[in-house]
Amino acid sequence: MPNGTTTADEAMKGPQGVAREPLVLNNRSMNWITERICGVVENRQPLLWWVLFLPSLALAGLLAFCLVYLVSTGVGVWGNNQPVAWGWAITNFVFWIGIGHAGTLISAILFLMRQRWRTSINRAAEAMTLFAVMCAGIFPVFHVGRFWMAWFLAPIPNANAIWQNFKSPLLWDVFAVSTYFIVSVIFWYLGLVPDLATIRDRCKPGIKKLLYGMFALGWRGGNRHWRHYEMGYLLLAALSTPLVLSVHSVVSFDFATSVVPGWHTTIFPPYFVAGAIFGGFAMVLTLMIPARAIYGLQDLITHKHVDNMAKIILLTGSIVGYAYIMELFIAWYGGNKFESDAFHMRILSGPYTTYYYCMFFCNVISPQIFWFRWARHNLWVVMAVCMCVNAGMWFERFVIIVTTLARDFVPGAWGFYKATWVEKSTFLGTFGFFLMCFLLFLRFLPVIAVGEVKGVLPESNPHHGDDEH
Amino acid sequence: MSAHKSVKDLPEDGEKFDIKKVSKLLGMLFSVGILTTIACAVIFLNQEWRATMAYSWLFAFIFFFTLALGGLFWTLLHNATNSGWGVAVRRLMENLGLMLPWLFVFALPFVVIPDVRGALWEWMGERREMISEAEDYAASHLETETAEWEEKVREARARFSEVRSGIESGMAKATPGEKAFLQEKLDAETAAFDALKSEDAAPTVESIKAHHMKESNVLLYNKGGFLNMGFWFFRFIAYFVILTLLIRFLRGLSVRQDADGDEKRTMLARRMSCGFLPLFAVVTTFAVIDWLMCLDYTWFSTMWGVYLFAGSALSSMAVLVLVLTYLRNLGYLRDVVTEEHYHIMGKLMHAFVIFWAYISFSQYFLIWYANITEETRFFLMRNTGHWNTVSILLVVCHFFIPFLALLQKRVKTTPRLLCAVSLWMIAMHIIDMYWIVIPERGPSLGAGVVVPGAIFFDVLAFTAVGALLAYIFLRSLGKDSLYPCRDPRLEESINLMN
């Protein structure tokens, strides 16, 4: 079977019995893989690239405008108020940071678990992670009000001799997110080194060759290089695995360490992590399904990859559903009046009940269609569910933050929150920034790890062809 | 690198465990099990000791229950993930899961002896008292309350007719705008009065009862939909029925494949296991909520199910390592299982050591940080006196020591060393379960924190359940081949390379 030629059509029909599906279809050669992936960088970009890039650039400009407007006018241009001091800003922060989880999960955890299918998607997912974390970072930095003082968050001596509050989970966030970002960048860059060298070697002498050469750090592809590289990669994978869990656990602590009803519940850390992976994978699929079609990468990012990611979405979506239901059960069972009222407000009587139903439908109900094989193999269905999940995860954070803050202990302190056009445009702008970065990544860097994907070809197995002797 | 192995070199019908080889051990387990069970029965018969013994029995039961549950979990996970490496050891996972139906037998004291469950789950007694008290109250107060209500209605009627005539006279000279306002007011007053005098508002035995229960124990009253005897019995039976069906079904497929080698059975097992996983999650969660969290019905934690699951998967993997090594020492599975399998099992154990720590830390930390009275009770009790020593011991010995040990590849690939870690892990799981169940006994029985001599009961119950289950387990190993000898993935598994 592994030696047979499998076309995309055959792969659609599904695995024949228990045989393992090949990870690269149509028996592609190593040379084909190099040509195809490097071709994305070396050839002229298709028109569609420009059609996507220019609006993204415009939206990124909108982001810049909104931030300048915010700073020059004052935080009043946002709809934040008492009691809803967190509003869209923190909702968007948690939303983006959640999306930034799939990359490192694929690179680190799936690597440790020997899931070889990760090789075709890890590079793009990691890049996406970095851009998502950048988008996330914008919100808390500007949410502090005087953003030029944001460096006070770092424990370095400052003019007023103010120490950070180390008991606050908000400070832990600063450490968790910045560590995550730094390690993800290093991990991503380390993986890029051999491929940068490949592009360098294919370039004509000139400025391009010089730049790729500089970033390739003198990689020659020797045996010693690869040995050190693989050890370094393994160690970084092991080191970044805890980070996948820590970032969103700490984000969940922002809520769960409080005594606010609806925020304080013990299942928050794993529930947030599952939700982050859930949202992250949906975003990976949202980006990769079009990208594979545009650049003709169907033999490398196959239906098996989409299928596997759809299954992960189903699994994590169901874990999130478990957490929702557990929260409801304990809110009722626990008998704490404030807790059960908080959920009553969320679901039945509060001003934001629609958001709860949207969240529940998008996150728990919609992925259940992935129980069916035909749904996982119909790219339109997959895209539709991913869009639901992208929206659903935003609704989830909105439900947690806004509905809770708008209705806390004392009815006299209840309030209502509505985002202004500035907040909406800022959020839209981050999408532009995110997409712009991703398109630039497609333009300048190899979208698939060339070296790694060759390693999953059948002929890379030292025992390949043993049976024929 | 060893040469490629073929399934053709393995015996066609697999390897069968010859229980005659271990007849001495079996005999010993059986006699020890029976003797200790009789001793436990005697203790149960003694009115004074029964409550103390109930906790010992629950501790022993829950320890072995979590092991068997883990066996089922690994079987489900193996099938659902289309795993190749695990085929060689899957039969052992199934065998461990097959103990679940037997555990029902060991759970019988909870169902059959009212005193036993009453001592463990105090809500049962308190609820009974609450209901009977409320019934007495309702019966004796129906007349007075009805009279009070009639009096209230009479007063309201007088007031209402006064208000109505006032409004009606006002209507005569009001402007249209005022009229509408007055009409609205009149409607509201009418509705309020109608509601008060309607039959529904009349006190009945039921309404007085409900009101009284709410007054006397609002928590237990609110939880009545979940914590009531009928539903509790139903759940108790349902857990075992569901778990038994799941494991018997998968086992059936697996064994039938030994005979016919039909690949479709692998596919069916995979599909069904995916569907079974949510069911497994629900049963596991609510079983441990019922049996452990409800030891104190006022306490709650959304993480509880996950916490118990983490320990269960971890310790059952340790049991699998030990059983595997035992069988290999007797000469079985030598060509099927290699140190590569040990390596993977060690890695999974390592992952679950970390997962357990993550879950238990999160649970502790959030309750500690928020410091809400409703939640801290569980940890207050376990951070007091000698229990605090056990709590700290769990942190160090359930996490740090095995975490550091399993970081090393040599430990994971050397069966002897991995067995040592597995034994350690099982010991820690025993302490974990002890730490969950037994602290509740002191305050519950009201005889002070330490119940004298109770530890002897704990050991006795543990030995009884353990010896008999080990006996049943070893015997069940002999029924079928020790590995799925015609599984289509067997060749992949025996050639496993990490």
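This report walks through helix packing, the contact between two chains, a salt bridge and two backbone details in a predicted model.

**How helices pack in chain A**

Two packed helices are described by the angle between their axes and the distance between the axes. Here are three pairs from chain A, set out side by side.

| Helix pair in chain A | Axes come within | Crossing angle |
|---|---|---|
| Helix 4 (residues 87-99) and helix 6 (residues 122-143) | 7 Å | roughly 160 degrees |
| Helix 10 (residues 268-294) and helix 16 (residues 421-444) | 12 Å | roughly 55 degrees |
| Helix 10 and helix 11 (residues 303-333) | 9 Å | roughly 150 degrees |

Let's begin with helix 4 and helix 6 of chain A. Angles over 145 degrees count as roughly antiparallel, and this pair of helices is therefore roughly antiparallel. Their crossing is left-handed. On the helix 4 side, the residues that take part include Phe93(A), Trp96(A) and Ile97(A), while helix 6 brings residues including Met128(A), Phe139(A) and Pro140(A). Sorted by class, this contact has 13 nonpolar, 2 polar and no charged residues. If you would like to find polar members in the structure, Asn92(A) in helix 4 and His143(A) in helix 6 are among the residues that meet here.

Now turn to helix 10 of chain A, which appears in two rows of the table. How does helix 10 lie relative to helix 16: parallel or oblique? Given their crossing angle, helix 10 and helix 16 of chain A are oblique to each other, and the crossing is right-handed. Met283(A), Leu287(A) and Met288(A) in helix 10 meet Phe431(A), Phe434(A), Leu435(A) and Phe438(A) in helix 16. The residues of this contact divide into 7 nonpolar, no polar and no charged.

With helix 11 of chain A, helix 10 of chain A makes a roughly antiparallel pair. That crossing is left-handed. The contact of helix 10 with helix 11 has 18 nonpolar, 4 polar and 2 charged residues.

**Where chain A meets chain B**

How many residues of each chain are in contact? The contact involves 35 residues of chain A and 49 residues of chain B. Between them, the two chains bury about 3400 Å², with 66% of it on carbon and sulfur atoms. Val18(A), Thr266(A) and Tyr333(A) supply 22% of the area that chain A buries against chain B, more than any other three residues.

**Salt bridges**

Side chains of opposite charge can pair when their charged atoms come close. Between chain A and chain B, the count is 0 salt bridges, whereas a search of the whole structure finds 27 over all chains. One to look for joins Asp115(B) and Arg50(B), with the closest N and O atoms 2.7 Å apart. Asp115(B) sits in helix 5 (residues 114-120) of chain B and Arg50(B) in helix 2 (residues 47-80) of chain B, so the pair ties together parts that are 65 residues apart in sequence.

**Two backbone details**

Most residues other than glycine have a negative phi, and most peptide bonds are trans. Chain A offers an exception to each habit. Gln82(A) and Pro83(A) are joined by a cis peptide bond, with omega about 10 degrees. Where is Pro83(A) found? Look in the loop between helix 3 (47-73) and helix 4 of chain A. Leu217(A) has a positive phi, near 55 degrees, and its place is in the loop between helix 8 (207-215) and helix 9 (223-256) of chain A.

Key. Residues are numbered from 1 along each chain as its sequence is written. Chains are lettered from A and ligands numbered from 1 in the order in which they are written. This is a predicted model: local features need pLDDT of at least 70, side-chain atom pairs count only at pLDDT 80 or more; totals for chains, interfaces and linings use all residues. Side-chain values use heavy atoms; hydrogens and water are left out. Axes are lines fitted to C-alpha atoms, for helices over the stretch in contact, and angles run from 0 to 180 degrees between N-to-C directions. Helices (H or I, at least four residues) and strands (E, at least two) are DSSP runs, numbered from the N terminus. Angles under 35 degrees count as roughly parallel, over 145 as roughly antiparallel, 65 to 115 as roughly perpendicular and the rest as oblique. A crossing is left-handed if the near helix is turned anticlockwise from the far one by less than a right angle, and right-handed if clockwise. Contact means heavy atoms within 4.5 Å. Ala, Val, Leu, Ile, Met, Phe, Trp, Tyr, Cys and Pro count as nonpolar, Asp, Glu, Lys and Arg as charged, and the others, Gly among them, as polar. Buried area is the accessible area (1.4 Å probe) that two parts lose on being put together, summed over both. A salt bridge is a side-chain nitrogen of Lys or Arg within 4 Å of a carboxyl oxygen of Asp or Glu.
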